[in-house]
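Good morning, and thank you for coming. Today I would like to walk you through one protein chain, from its overall form to some of its details.

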Amino acid sequence: MVVLCGPEGALLIDTGIHPSAPSVAKAVEAFAGKPVTAVVNTHWHFDHTGGNEFFARRGARVIAHDSVRVRMSRPQFHEVFDYIFPAAPAAALPTLTFPESLTLYFGDEVVHLHHLQPAHTDGDLLVHFTKANVLHAGDTFFNGFYPLIDYSTLGWIGGMVAAEDRALALCDAHTRIIPGHGALGTVDDLKAARTMLATVQGRIEKLLDAGKSVAEVVAAAPTADLDAKWGHGPFTAAQFTGNAAASILRHRQEVG
Ligand SMILES: [Zn+2]
């Protein structure tokens with residue numbers, strides 16, 4: 001999460017899980033001295049939108065990509081978790097949505113919201129605080145470990161690489177990069193993640209092109225030399241490999 005203090009209130013990027021909202025609000029008000037008046041969601045997932053209703057009921061405007069409102073309005077089957085996320089309550093839905101990009105003028109700051117081609121989901125945003133030189137990459141960037149790719153809502157590993165290329169194009173050597181998961185990152189951390197993802201994508205595409213199934217791709221352990229560095233997060237190498245391979249197959253189906 002990121003908080004920006006403005007003269008009239010605070011801007012909050014992502015709202016966390018539902019039960020944390022009151023403690024997040026307390027922390028923001030202690031820090032900003034003002035309530036949250038605007039929220040941006042980097043994508044639809046429950047751990048980034050769970051506090052929306054809480055903040056919206058206290059007067060915050062919720063801003064997101066068009067797809068986030070659509071996804072949150074209906075139950076979403078998430079194949080990786082084999083779980084159906086129920087529709088969000090109406091009060092939790094974004095009330096200002098956009099298809100491509102939006103600029104927020106918040107106090108002295110100019111905040112660019114960039115929609116990406118499907119990467120982690122089909123509604124991902126990069127949130128760029130242009131004056132502070134801070135970038136929130138949402139879940140297009142997991143810092144230091146294998147990411148989750150939600151191919152049920154059209155994310156795919158090639159889109160993750162493209163998203164990180166777009167993020168890198170907004171950065172200089174001093175940009176502070178907030179990942180969706182993991183510690184605050186640098187441009188070198190983001191470059192390393194991008195290189196890892198592109199490497200894994202290339203290896204998996206080769207195996208799929210040779211006719212291997214997802215199970216056979218996983219059995220081939222195409223990330224074996226990368227696992228010591230990247231395999232210590234919430235997803236094992238096998239889970240990530242299966243997830244990435246399935247995302248490529250789904251993407252190929254979608255684009256034909
Ligand atoms: Zn996510």
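I shall begin with the chain as a whole, then take the two sheets, two helices, the core and one loop.

Please keep in mind that this is a predicted model. The chain contains nine helices and 12 strands. Its C-alpha atoms fill a box of roughly 60 × 40 × 30 Å along the principal axes. Is the chain as compact as a globule of 256 residues would be? A compact globule with that number of residues would have a radius of gyration near 18 Å, and the chain has 18 Å, so the two agree. Buried residues make up 44% of the 256 residues. If we take contacts between residues at least 6 apart in sequence, 66% of them join residues at least 24 apart.

Let us turn to the sheets. One is an open sheet of five strands in the order 1-2-3-4-7, with mixed pairing. Strand 1 (2-5) and strand 7 stand at its edges; each has a single partner strand, so one side of each lacks a neighbour in the sheet. On average, neighbouring strands here are turned by 15° against each other, direction ignored. Strand 1 pairs with strand 2 (residues 10-13) in the antiparallel sense over four bridges, and L4 stands opposite L11 in strand 2. Helix 1 (residues 21-32) packs on this sheet, touching strand 1, strand 2 and strand 3 (36-40), and its direction makes about 35° with that of strand 1. Helix 4 also packs on the sheet, where it touches strand 4 and strand 7; its direction makes about 105° with that of strand 4.

Which residues of helix 4 (residues 66-73) are buried? They are S67, V68, R69, R71 and M72. Their cover includes helix 2 (46-49), strand 4 (61-65), strand 5 (76-78) and strand 7 (96-98).

Another open sheet of five strands has the order 8-9-10-11-12, again with mixed pairing. Strand 8 and strand 12 stand at the edges with a single partner strand each, so one side of each is left without a neighbour in the sheet. The twist from one strand to the next averages 15°. Within this sheet, strand 10 (residues 125-129) and strand 11 (residues 134-136) run antiparallel and are joined by three bridges; F129 stands opposite V134 in strand 11.

Next, please look at helix 6 (residues 187-209). Its 23 residues reach 33 Å from the first C-alpha to the last, close to the 33 Å expected at 1.5 Å a residue. An α-helix has 3.6 residues a turn, so residues three or four places apart point the same way. The buried residues of helix 6 include L190, A193, M196, L197, V200 and I204. They pack against elements including helix 5 (157-169), strand 12 (176-178) and helix 9 (237-255). Just after helix 6, G211 takes a positive phi of about 95°.

In soluble globular proteins, nonpolar side chains tend to be buried together. Here the largest nonpolar core has 67 residues, and those touching the most other members are L12, V36, V39, V40, F55, I157 and A244. Helix 6 gives the most to this core, with seven residues. Beyond its neighbours within four places in sequence, V40 is in contact with I13, I63, A64, L113, L125 and V127.

Finally, G107 lies in the loop between strand 8 (101-106) and strand 9 (109-115). Is G107 buried or exposed? G107 is partly exposed, because 15 other C-beta atoms lie within 10 Å. The C-alpha atoms of G107 and P7 are separated by 5.9 Å, although the two residues are 100 residues apart along the chain.

Key
Residues are numbered from 1 along each chain as its sequence is written. This is a predicted model: local features need pLDDT of at least 70, side-chain atom pairs count only at pLDDT 80 or more; totals for chains, interfaces and linings use all residues. Helices (H or I, at least four residues) and strands (E, at least two) are DSSP runs, numbered from the N terminus. A residue is buried if 20 or more other C-beta atoms lie within 10 Å of its own, exposed if 12 or fewer, and partly exposed in between; C-beta atoms are placed from the backbone. The radius of gyration is taken over C-alpha atoms; the globule rule is 2.2 Å times the number of residues to the power 0.38. Two residues are in contact if their C-beta atoms, placed from the backbone, lie within 7 Å. The expected span of a helix is 1.5 Å times one less than its number of residues. Two strands pair if DSSP finds at least two bridges between them. Axes are lines fitted to C-alpha atoms, for helices over the stretch in contact, and angles run from 0 to 180 degrees between N-to-C directions. A nonpolar core is a set of buried Ala, Val, Leu, Ile, Met, Phe, Trp, Tyr and Cys residues joined through C-beta atoms within 7 Å.
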